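Biologist: Before we use any descriptive label for this fold, I would like to see each one traced back to a value and a cut-off. Could you take me through the reasoning step by step?

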Amino acid sequence: MSSPTPDALLGPADVRELAAALGVRPTKQRGQNFVIDANTVRRIVRTAGVRPEDVVVEVGPGLGSLTLALLEAAERVVAVEIDDVLAGALPATVAARMPERADRFALVHSDAMHVAELPGPAPTALVANLPYNVAVPVLLHMLDTFPSIERTLVMVQAEVADRLAAAPGSKVYGVPSVKAGWYAEVKRAGAIGRNVFWPAPNVDSGLVSLVRRTEPVRTTATKREVFAVVDAAFAQRRKTLRAALAGWAGSAAAAEDALVAAGVSPQARGESLTVEEFARIAEHRRAADADRPGEPERAEERPEGRPVEQPAD
């Protein structure tokens, strides 16, 4: 494989020139903060452990800073971009700055939340600078839709990074922590300064590493059933689980029955439970429902593909 030219990556002047040529002004609505530092994107690629044989999917490539660094290291990169102007310009940027790798790049012009398939071989890694306002739903959607993704590294708002990587018992442990834990082993992988972005955001950023579980959570409950328990538990996180799960289970007594059967104290709170314990609660409630055929589906069970990030209080 031939090596890219030394100046292939985008620097601060390159990013601003590209943006000016395209008439692009970063918008808060789409959480656009473009990375302008080549050392930072190379650090992200190293931290992600991108291998020469990897097929990497990138969400929100913007002007292409991280895209070009990924193309230096991976076999193939597929970028998903919702913005019309940015999606239209990115293939030309790749062709101009890294022509020897242009045939290894593909663009999907779409909202990542609506992506159900990608061109070419199945992705093995996800590396992305995710827009802060949709980071958690997009991450969970991609992990759910593409089980071939083994390793993920995302750059997100530091507060979101803390929530994703939080362990049970932490004050910021919540819905994102448990749902990410359903798919992967999650940990913080570093911090990113504000001055590597244009425009500089008003918040700090962090890297989060997610390595796909080699074995899924062992349970007879479905993901939807488990996530329904998680949503209910954290919707009223200051309440005991007996009270918080009353609506989900049909009554406080039914919630207590499911908790006791799962080996969880009815007086515990959601922030103390592992994903495996949430799965056991869903499993035992499912068994109780099976004894009462004909019951309508509980309203608290959210449709697939709509994970909700709850505030951490």
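Modeller: Let us start with a definition: a residue is called buried when its relative accessible area is under 20%, and exposed when that area is over 50%. Please keep in mind throughout that this is a predicted model. By that criterion strand 9 is mostly covered, seven of its eight residues being buried.

Biologist: Why is Ser205 counted as buried?

Modeller: Ser205 has its place in strand 9, and its relative accessibility is 2%. The cut-off for buried is under 20%, so Ser205 counts as buried. Its surroundings can be listed as well: leaving aside residues up to four places away in sequence, Ser205 touches Tyr132, Met155, Val156, Gln157, Ala158, Ala191, Ile192 and Phe197.

Biologist: What makes Lys171 exposed?

Modeller: Lys171 lies in the loop between helix 6 and helix 7, and its relative accessible area is 75%. Since exposed means over 50%, Lys171 is placed in that class. Lys171 and Glu271 are 100 residues apart in sequence, while their C-alpha atoms are 7.4 Å apart in space.

Biologist: How do you know that strand 9 is paired with strand 6 and with strand 7?

Modeller: Two strands pair if at least two bridges are found between them. Strand 6 and strand 9 have seven bridges, in the antiparallel sense, and strand 7 and strand 9 have eight, also antiparallel; both pairs therefore satisfy the criterion. Individual bridges can be named: Val154 has Val208 in strand 9 as its partner, and Ile192 has Ser205 in strand 9.

Biologist: Why is the pairing in the seven-stranded sheet called mixed?

Modeller: The open sheet has the strand order 4-3-2-5-6-9-7. Within it, strand 5 and strand 6 pair in the parallel sense over five bridges, with Asn129 standing opposite Met155 in strand 6, whereas strand 6 and strand 9 pair in the antiparallel sense. Strands of a sheet can pair either way, parallel or antiparallel, and with both senses present the pairing is mixed.

Biologist: What makes strand 4 and strand 7 the edges of that sheet?

Modeller: Strand 4 (105-109) and strand 7 (184-192) each have a single partner strand, so one side of each is left without a neighbour in the sheet. From one strand to the next, the twist averages 20°. Helix 7 packs on this sheet, touching strand 7 and strand 9, and its direction makes about 120° with that of strand 7.

Biologist: Why are helix 7 and helix 8 called roughly antiparallel?

Modeller: Their axes come within 10 Å and cross at roughly 160°. Angles over 145 degrees count as roughly antiparallel, and helix 7 and helix 8 therefore fall in that class. The crossing of helix 7 past helix 8 is right-handed. Val175, Val178, Lys179, Trp182 and Tyr183 in helix 7 meet Lys223, Val226, Phe227, Val230, Asp231 and Phe234 in helix 8; sorted by class, this contact has eight nonpolar, no polar and three charged residues.

Biologist: What makes helix 3 oblique to helix 4?

Modeller: The axes of helix 3 (residues 65-73) and helix 4 (residues 84-97) come within 11 Å and cross at roughly 50°. Angles under 35 degrees are roughly parallel and those from 65 to 115 roughly perpendicular; a crossing at roughly 50° belongs to neither class, which makes helix 3 oblique to helix 4. Thr67, Leu68 and Leu71 in helix 3 meet Leu90, Val94 and Arg97 in helix 4, a contact with four nonpolar, one polar and one charged residues.

Biologist: Why is helix 5 described as mostly covered?

Modeller: Helix 5 (residues 135-145) has eleven residues, nine of which are buried, each with a relative accessible area under 20%. Among them are Val136, Leu139, His141 and Met142. The buried residues of helix 5 pack against several elements, including strand 2 (55-59), strand 5 (125-129), strand 6 (151-157) and helix 7 (175-183). Helix 3 is mostly covered too, with seven of its nine residues buried.

Technical notes
Residues numbered from 1 in each chain as written. Predicted model: local features only at pLDDT ≥ 70, side-chain atom pairs only at ≥ 80, totals over all residues. Heavy atoms only, no water. Buried < 20%, exposed > 50% of the residue type's maximum accessible area, 1.4 Å probe, protein only. Helix = DSSP H or I, 4+ residues; strand = E, 2+ residues; numbered from the N terminus. Contact = heavy atoms within 4.5 Å. Axes fitted to C-alpha atoms, helices over the stretch in contact; angles between N-to-C directions. Left-handed = near helix turned anticlockwise from the far one by under 90°. Nonpolar A, V, L, I, M, F, W, Y, C, P; charged D, E, K, R; others polar.
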